[in-house]
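Hi,

Here is the structure I said I'd pass on to you. Have a look at it first, and then read my notes below.

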Amino acid sequence: PAMGHAGSVRLAVAVAGNVVYNRTLAVTESVIVNSVYPSVASTDGGVRVTVYTSTVRTNANLECLFGRAAGVPATVIDGGAAVRCVAPAARRAGEVDLGLRDRTTGSLSLTQTKFAYVPHIRLVRVSPSIVYAGMGEVVTVTGRNIAAPRRLRCHICGVAVVPKRWL
């Protein structure tokens, strides 16, 4: 195949004019994982994740690999600039490597990125339940398994809010 394209090539090795090795080799795409959004999910899984990559074929048969869990099907989107998959459940919280595998050839992405699982967060109360626009009010969120991981963000009306203080 042309340089940089998938296909197969014939490889022959000769010593003193005698062919000692003659095989067909499969050539696969070199997929590079650039980033992932979101990069954190509950250990319950079920979160739709977008993995941004070097361009892949729109008909590529890929799967996402979250750590050592079984691969999950991936759909190529945005003309091959990204793939989308659903994060599987995890046995425990922590960071895992997230990569891609071609389901046809078994080849792995050249790079991976980090993906974090956090314990299932259960919100118990948000206080106050009514705030006034432009007043800079303090909102307290209480619940279980709320920690201060660097990737946890609050969103109010679609706007990310960085917590001033974790209690």
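Before we get to the charged pairs, one definition: a salt bridge here is a side-chain nitrogen of Lys or Arg within 4 Å of a carboxyl oxygen of Asp or Glu. Also keep in mind that this is a predicted model.

**Salt bridges**

With that rule, the count comes to four salt bridges. Let's start with arginine 57 and aspartate 102: their closest N and O atoms are 3.7 Å apart, so they form a salt bridge under the 4 Å cut-off. The two sit in distant parts of the chain, 45 residues apart, with arginine 57 in the loop between β5 and β6 and aspartate 102 in strand β10. Arginine 57 is partly exposed, at 34% relative accessibility, whereas aspartate 102 is buried, at 10%.

Now try glutamate 63. Which side chain meets that of glutamate 63 in a salt bridge at 2.6 Å, N to O? That would be arginine 101. This pair also links distant parts of the chain: arginine 101 belongs to strand β10 and glutamate 63 to strand β6, 38 residues apart. Arginine 101 also stands opposite glutamate 63 in the strand pairing. Glutamate 63 counts as buried because its relative accessibility is 9%, while arginine 101 is partly exposed at 28%.

Glutamate 63 has another partner too: its side chain meets that of arginine 103 in a salt bridge, 3.7 Å from N to O. Arginine 103 lies in the loop between β10 and β11 and glutamate 63 in strand β6, so this pair ties together parts that are 40 residues apart in sequence. Arginine 103 is partly exposed, with a relative accessible area of 43%. Through shared partners, Glu63, Arg101 and Arg103 end up in one network.

**The two sheets**

A quick reminder before you trace the strands: strands of a sheet pair through backbone hydrogen bonds, either parallel or antiparallel.

One open sheet has five strands in the order β4-β11-β10-β6-β7, and its pairing is mixed. Its edge strands are β4 (40-42) and β7 (72-73), each of which pairs on one side only. Inside this sheet, β6 (residues 62-66) and β10 (residues 94-102) run antiparallel and share five bridges. If you want a spot to look at, leucine 65 stands opposite glycine 99 in β10. Strand β10 is also joined to β11 (residues 113-118) by five bridges, again antiparallel.

What is the bridge partner of glycine 94 in β11? It is tyrosine 117. These two are 23 residues apart along the chain, yet their C-alpha atoms are separated by 5.2 Å. Tyrosine 117 is buried, with a relative accessible area of 4%.

The other open sheet has four strands, ordered β3-β5-β9-β8, with antiparallel pairing. At its edges are β3 (33-37) and β8 (75-77), each pairing on one side only. On average, neighbouring strands here are turned by 30° against each other, direction ignored. Four bridges connect β3 with β5 (residues 48-53). Two pairs to find there are serine 35 opposite tyrosine 52, and valine 33 with threonine 53. Between β5 and β9 there are five bridges, also antiparallel, and threonine 50 has arginine 84 in β9 as its bridge partner.

**The disulfide**

How many disulfides does a search of the whole structure find? It finds one. The partners are cysteine 64 and cysteine 85, with their sulfur atoms 2.2 Å apart. Cysteine 64 is in strand β6 and cysteine 85 in strand β9 (residues 82-86), so the disulfide ties together parts 21 residues apart in sequence. The torsion about the S-S bond is about -100°, which means the disulfide is left-handed. Are the two cysteines buried or exposed? Both cysteine 64 and cysteine 85 are buried.

**A nonpolar patch**

Last, have a look at the surface. Val9, Leu11, Val13, Val15, Val20, Tyr21 and Leu25 form a nonpolar patch there, with about 520 Å² of accessible area together. Two elements, β1 (7-15) and β2 (18-27), give two or more residues each, and β1 provides the largest share, four residues. Leucine 11 is found in β1, and with a relative accessible area of 33% it is partly exposed.

Cheers

Technical notes:
Residues are numbered from 1 along each chain as its sequence is written. This is a predicted model: local features need pLDDT of at least 70, side-chain atom pairs count only at pLDDT 80 or more; totals for chains, interfaces and linings use all residues. Side-chain values use heavy atoms; hydrogens and water are left out. Two strands pair if DSSP finds at least two bridges between them. Axes are lines fitted to C-alpha atoms, for helices over the stretch in contact, and angles run from 0 to 180 degrees between N-to-C directions. Patches are made of residues with over 30% relative accessible area and no salt bridge: like charges are joined within 9 Å, nonpolar side chains (Val, Leu, Ile, Met, Phe, Trp, Tyr) within 5 Å. Accessible areas come from the Shrake-Rupley method with a 1.4 Å probe; for residues, only the protein chains shown count as cover. Buried means under 20% relative accessible area, exposed over 50%, partly exposed in between (1.4 Å probe, protein chains only). A disulfide is a pair of cysteine sulfur atoms within 2.5 Å.
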